[in-house]
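These are my notebook entries on aromatic rings and helix packing. The structure to which they refer is shown first.

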Amino acid sequence: MKKVLIITYYWPPSGGGGVQRWLKFVKYLRQFGWEPVIYTPENPESPQLDQSLVNEIPAELEVLKTKVWEPYRWYKTFTGRKMDERIQTAFLSEKKKPGLTEKLSIWIRGNVFIPDARRYWIKPSVKFLKTWLLQNKVDLIVSTGPPHSMHLIGMQLKRQTGIPWLADFRDPWTNIDYYQDLMLGKRADRKHHQLELKVLKNADVVTVVSPGMKKEFNEIYNRNYAVIPNGFDSSDFDKLEKIEPDNDFSLAHIGALVKTRNPLILWKVLNELCKESDTFSADLKIKLIGNVDVFVRESLQANELIDKLEILPYLPHEEVVKEQMRTQVLLLLINRTPNAHLILTGKLFEYMGSGRPIIGIGPVAGDAATILKETGAGVMVDFEEEKLLKEYIWDYYKRYREGNLSSTSGNVQQYSRLALTRDMAIQFDRLINR
């Protein structure tokens, strides 16, 4: 077996989408001749915990851990949060709108903790791993971000050991959807761009999750980028017994629903359809599974949809899979941000694996829309296409009433985790055989 050291901040029992990409690669890498070793923090600050993901870790996997120091204790004290309260990504606020202390904290996070709050883990990690590598041979180093501090660990290890290094980007760096919300000064913005360019230049291979991200990175630094998207694990669905769809006409969004992802057009259309049809109003159920921003709740209230709403807390992944399979229509909501066209979340592929129809709201010329069209898994409606969205929802509703609402998706196996792990292993093999 060839051996790969994988540097990742997110690892079970941490939950959420950031964990699953490399957890699933690790699950299948041995089938392609690679033995993974994980390096991860002993005490990470994770938005969610999901003990069910621990069951996905392969037997006898070597996992290296060291403690990480992060400024979150100070942040929680400063903003009046409880010490056991989890920090949400993308500035999601569930209970109140951000106040002055929150805004000041964001400024500090963007201008002081560069590239992110895990920067203080870089130096001790390089020291620890360099010593470990003297006694343990590996063929390849992988870093996955965000947080992008992981790439700085990988870059320094490559420089000091000469071991080939692959940098995997699950999200962009300076083009991530909330970058403009960091309130960066000129010096901080320049520093972020310098570090990003350094990683893109020095990594032996850079993998990204979407064609749009590849195009954006090529504008920063022109080189070959390998596109290996997120996917779905067929075994997550195959092991479940047959699950019947909801009796209600349920529309569900899985995952954090932040302010920039708030589908104002959807709430307006649903409000209109409820007023136009008593039957539709009686059948409708809106399920939001995960953390929901206060601005989203206000929008639902303003459109008189609160009585149709069911908010479920963060669920273990195995329970999320069941909810996806029983929901009538799955909602793919793209952030309304400058980089919307390149957003290709893992959620889309999980949705496809469930076999339920999808309605997306976002750029009709974006990466997500391309895959929906290519596979026939659903439809994408632009942020302002109110009339078309209304037609799609009514069509799905009629099919629900007739008892024949289902997905007609095909050509989805190319996005299975097994197939994608093969593609990643090909990148590994090419790199060490250069």
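Entry 1, charges over rings. I looked up Arg 223 in this predicted model and found that Arg 223 lies over the face of Tyr 225, at 5.9 Å from the ring centre. I then turned to Arg 118, whose charged end sits over the ring of Tyr 9, 4.1 Å from the centre of that ring.

Entry 2, aromatic pairs. I asked how many aromatic pairs the model holds, and the count comes to 18. I took up the pair of Trp 34 and Phe 428: the ring centres are 5.1 Å apart and the planes stand at 75 degrees, so I recorded the pair as edge-to-face. An angle over 60 degrees is what counts as edge-to-face. I next asked which parts this pair joins: Trp 34 belongs to strand β2 (residues 34–41) and Phe 428 to helix α16 (residues 417–432), so the pair ties together parts that are 394 residues apart in sequence. Are these two residues, Trp 34 and Phe 428, buried or exposed? I noted both Trp 34 and Phe 428 as buried.

I also looked up Phe 232 and Phe 237, an edge-to-face pair with 6.4 Å from centre to centre and 75 degrees between the planes. Phe 232 has a relative accessible area of 3% and is therefore buried, the limit being under 20%. Phe 237, at 8%, is buried as well.

Entry 3, a cluster. I recorded one aromatic cluster formed by Phe 249, Phe 280, Trp 394, Tyr 397 and Tyr 400.

Entry 4, helices α1 and α16. I returned to α16, the helix that holds Phe 428. Helix α1 (residues 17–29) packs with α16 at an angle of about 80 degrees, and the axes are 9 Å apart. I therefore entered α1 as roughly perpendicular to α16, since 65 to 115 degrees is the range for that term. On the α1 side, the residues that meet α16 include Trp 22, Phe 25 and Tyr 28. On the α16 side, I listed Met 424, Ala 425 and Phe 428 among them.

Entry 5, helices α12 and α13. I found that helix α12 (residues 317–326) and helix α13 (residues 346–354) pack at an angle of about 60 degrees, with 9 Å between their axes. The two helices, α12 and α13, are therefore oblique to each other, and their crossing is right-handed. Which residues make the contact? From α12 I noted His 317, Val 321, Gln 324 and Met 325, and from α13 Glu 350, Tyr 351 and Ser 354.

Notes:
Residues numbered from 1 in each chain as written. Predicted model: local features only at pLDDT ≥ 70, side-chain atom pairs only at ≥ 80, totals over all residues. Heavy atoms only, no water. Phe/Tyr/Trp six-rings, centres within 6.5 Å; stacked < 30°, edge-to-face > 60°. Buried < 20%, exposed > 50% of the residue type's maximum accessible area, 1.4 Å probe, protein only. Lys NZ or Arg CZ within 6 Å of the ring centre and 35° of its normal. Axes fitted to C-alpha atoms, helices over the stretch in contact; angles between N-to-C directions. Parallel < 35°, antiparallel > 145°, perpendicular 65-115°, else oblique. Left-handed = near helix turned anticlockwise from the far one by under 90°. Contact = heavy atoms within 4.5 Å.
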